[in-house]
Amino acid sequence: MTVEHYIGLAYLAGCILVGLLASRTAAGSRDEYWVAGRRIGTAVNSLAIMAALASGGSIIGVMGLTYAQGIPASLALFTGAIIGFPLASVLVAGPLRRFGRFTITDFLRFRYPHPAVALIVPILIVVSFTVYIVAQMKAAGITAAVLLGLDYEVALTLATLVFILYVSIGGMIAVTWTDVFQGALMLLVVIGAAAALVWQAGSPAAILRDATAAAPALGTLRDQPLGSYLGSFVIWATAIPIIPHIVMRVFTARDARGARLSLNIAMMMYAVMILAGVMAIAPMGRMMFPDLADADLVFLRVMETSFPPIFRGLAVAAVMAAVMSTTDALLLACSSAIAHDLLYPGGFAPRPPLHARSRRLHTTAPHWVAVAAAWVVGLTAMGLAYSPPALISQFYTAAIGLLTAGLFVPTIAGLWWRRANLAGGLAALVAGPAAYLVVHFTPGAPPLSAILVALPASALAMWAGGRFGSAPPAAIIARIAELHDVEG
Amino acid sequence: MPRGDRWYLAGLVLVAVIAFLPASRATQVGPLPLFGWLMAGLMVAAPLVALVRLLTDRASRADGDARR
C-alpha cells in the first residue's frame, strides 16, 4: 500500500460515511430526499453546482480533447457550458425555483398536461444520463488504473459501488455534502497543478508559446468542420438551463435569488478550473508526451511524472471527486426520473391502507423504489463501462445533445411564451430528438452538429402548435405569470 | 424579462456570433486564433458580468428577501 492508496481509500470511506449520516434525514420525506429540504445556502450550493457540472470530462476529458483536437476545440465546447449558466440564471432559475417542485418533468407535466409528456421526458433523461454516467466511469477506471496500479475493471467496480451506495441511501443531502468536498478538492488540485507548472515555465504565455511551437495543431482550428465546433458550443449552452441534475440544484436553493447567485458563482469557479487545464496543464502534457495513444491520459501522465506521491494521491482523489460529484447527481436525477416522474408522480397516495403494517409499507415504498432505481441505473452503466468509449467529452456531449434537443424549447417556451400549448409542447418534445437522431446517424454529418438542425426543428414544431392549436388553459397562464412575479 | 437581462443576453449572443465568424477563426493572435481568445474571454466575462448585475439589482434582492 502506498500513500496514493491510503488517500484513495480514505476518500471512498468518507463518501460512504456521509451517505450513512445523511440517510436518517433523507428517508424522512420527499423534500429531504430529492431537494435536501430546500434549505441549501448560496456558498454550499455554488460549490455543489460546480462539482455537479465538473465531471471526469472537465478534468480528464477537457485535457484529452485539448491534446487531441487543440485548444480552440476545447474552448468551444466548454465555453458553451459556461454560457449556459447565465442563460439558466436569466431564463429558468427564478421561475423554476418559485414553481417549487422537484424535477424538470414536474414543470413540463404541469405546462403540457398529457400522459405522453410524463413518459417521454423521464425516458429521455434516463437514456442520455446513462450514457453520461458510462463516460464518467471510464474516467474513474483509467485514473485508478494509471495512478494506483489497479485493474480497470476492479477500479470501475469499486468506485461505482461506493457512489451508488451513498446516493441511494443519502439522497440529495449526501450528494450536496460530498459535492462540496469534491468541488473544493478539484479546484485545489487542478489550479494547484496549473500554478506549479506555470511557476516552472515562467508564465502561462511561455507555456502556450512553447507548446504551440512544438505542436502547431494545438493552436489551430483545422481538424473539424465549423458545424462540430458550433454544435458542441450550442449543445452545452442550451443544456445547462434544462439539464436535470443542475435544475434539481436550483430547487434546493432557499430562494430564487440564491439559486441565481449560486449558478453564477459556480460558473466563475468552473471557468477558472477549465482555463487552468486548457491553457497550462494540457499544453505542458502535449510537450512532455507527444505520442500518447489515449489522449484522455494526458493529465494523469503529467501528474505521475511532475509531482510527488502525496500530490498524485490527491490527483486520484480529485478525478474520483470529479467523476463522483457528477455521477452522483446524474444518478439521483435518473432515480428521480424513474421513481418520482414515472412511478410515483404524486408522491404518497391519498388513501393509505388501514392496517398499520400495510400503511407503513405503502408510505415507504416510493423511497425504496428510488433506492432501487439508483442501483439499477448505476449497475447498468457499470456493465456498459466495461467496454469504454474513446474521447469521453465528445461521447457524453452527443448524449446530452439528444436531451437538449427534446427539452430546451418546451421548457423555455413554457416559461416565456404565452401561446405555448399542449400541441406545441408535445410536437417540440418529439420533433427535436427525432431530428437529432436522424442527423446524428446520417453518414458524413459532422460530429455534434445534429443539434443545429434539431433545435430549429423543435422550435418550428412549437411555433406551429402554438399558432394552429387551441390556447392553453387560463389557470396555467395565470400560474406562469405568478412565477415571473418577483414581488408575488 | 428585465431590460438589463435582454441586453446581457444580446451581448453574449453577439460575442459568440463574432467568435464563430470566418474572420475570427482565420485571424491568428499569438499562439491562438482570435476565436480562441474570444471564447476564453467569454468564459471569464460572462459569469463576472452576470454576478455584478445580480449583486447590484434591487429587484432580485427584494425577491430573495420576500421568499425567506
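**Stop 1: helix H4 of chain A**

Select residues 56-69 of chain A, helix H4. This is a predicted model. Go to Val62(A), where H4(A) bends by about 30 degrees. Now show the surroundings of the helix. H4(A) is mostly covered, with 13 of its 14 residues buried. Step off the end of the helix to Gly70(A), which follows H4(A). The phi of Gly70(A) is positive, near 100 degrees.

**Stop 2: Ser74(A)**

Move on to helix H5 of chain A, residues 71-99, and pick Ser74(A) in it. Is Ser74(A) buried or exposed? Ser74(A) counts as buried because its relative accessibility is 0%. Which side chain does Ser74(A) meet in a polar contact? That of Thr66(A), at 2.7 Å. Draw that distance between the two side chains.

Next, list the contacts of Ser74(A), leaving aside neighbours within four places in sequence. They are Val62(A), Leu65(A), Thr66(A) and Val278(A). Val62(A) is the residue from the first stop, where H4(A) bends. So the view holds the bend residue of H4(A) and a contact of Ser74(A) in one selection.

**Stop 3: Thr130(A)**

Select helix H7 of chain A, residues 115-148, and centre on Thr130(A). Thr130(A) counts as buried because its relative accessibility is 12%. Where does the side chain of Thr130(A) find a backbone oxygen? Look at Val126(A): its backbone oxygen lies 2.6 Å from a polar atom of the Thr130(A) side chain.

Show what touches Thr130(A), not counting residues up to four places away in sequence. Val377(A), Ala381(A) and Leu384(A) appear. For a sense of scale, add Leu263(A). The C-alpha atoms of Thr130(A) and Leu263(A) are 24 Å apart. In sequence the two are 133 residues apart.

**Stop 4: Thr238(A)**

Go to helix H10 of chain A, residues 226-239, and select Thr238(A). Thr238(A) is buried because its relative accessible area is 8%. Its side chain reaches two backbone oxygens. Label the one of Val234(A), at 2.6 Å. Then label the one of Ile235(A), at 3.3 Å.

Which residues touch Thr238(A), not counting those up to four places away in sequence? Thr404(A), Phe408(A) and Leu455(A) do. Follow the contact to Thr404(A).

**Stop 5: Thr404(A)**

Thr404(A) sits in helix H16 of chain A, residues 392-416. Thr404(A) is buried because its relative accessible area is 0%. Show its contacts, again leaving aside neighbours within four places in sequence. Ile235(A), Thr238(A), Ala239(A) and Ile242(A) are among them. Ile451(A) and Leu455(A) are in contact with Thr404(A) too. Leu455(A) also touches Thr238(A). Ile235(A) is the residue whose backbone oxygen the Thr238(A) side chain reaches at 3.3 Å.

Before leaving, add Leu332(A). Thr404(A) and Leu332(A) are 72 residues apart along the chain. Their C-alpha atoms are separated by 19 Å.

**Stop 6: chain B**

Hide chain A for a moment and show chain B. How many helices and strands does chain B hold? Four helices and two strands. Colour from the N terminus and read the order: α-α-β-β-α-α. Chain B has 68 residues, and 35% of them count as buried. Turn on contacts between residues at least 6 apart in sequence. Of these, 32% join residues at least 24 apart. Now switch to the surface. Chain B exposes about 3,800 Å². Carbon and sulfur atoms supply 69% of that area.

**Stop 7: where chain B meets chain A**

Bring chain A back. Select the interface: 35 residues of chain B are in contact with 39 residues of chain A. The area buried between the two chains is about 3,300 Å². Carbon and sulfur atoms give 77% of it. Which elements of chain B give two or more residues to this side? Select helix H1 (3-20), strand E2 (32-33), helix H3 (34-55) and helix H4 (58-67) of chain B. H3(B) gives the most, with 15 residues.

Finish with the polar pairs. The count of salt bridges between chain B and chain A is zero. One residue pair is in polar contact across the interface, both at pLDDT 80 or more.

Terms used: Residues numbered from 1 in each chain as written. Chains lettered and ligands numbered in written order. Predicted model: local features only at pLDDT ≥ 70, side-chain atom pairs only at ≥ 80, totals over all residues. Heavy atoms only, no water. Buried < 20%, exposed > 50% of the residue type's maximum accessible area, 1.4 Å probe, protein only. Contact = heavy atoms within 4.5 Å. Areas by Shrake-Rupley, 256 points an atom, 1.4 Å probe, with all protein chains shown as cover. Bend = angle between axes of the 7 residues up to and from the residue. Buried area = accessible area lost by both parts, 1.4 Å probe. Salt bridge = Lys/Arg side-chain N within 4 Å of Asp/Glu carboxyl O. Polar contact = N/O pair within 3.5 Å; in protein donor to acceptor, adjacent residues only side chain to side chain.
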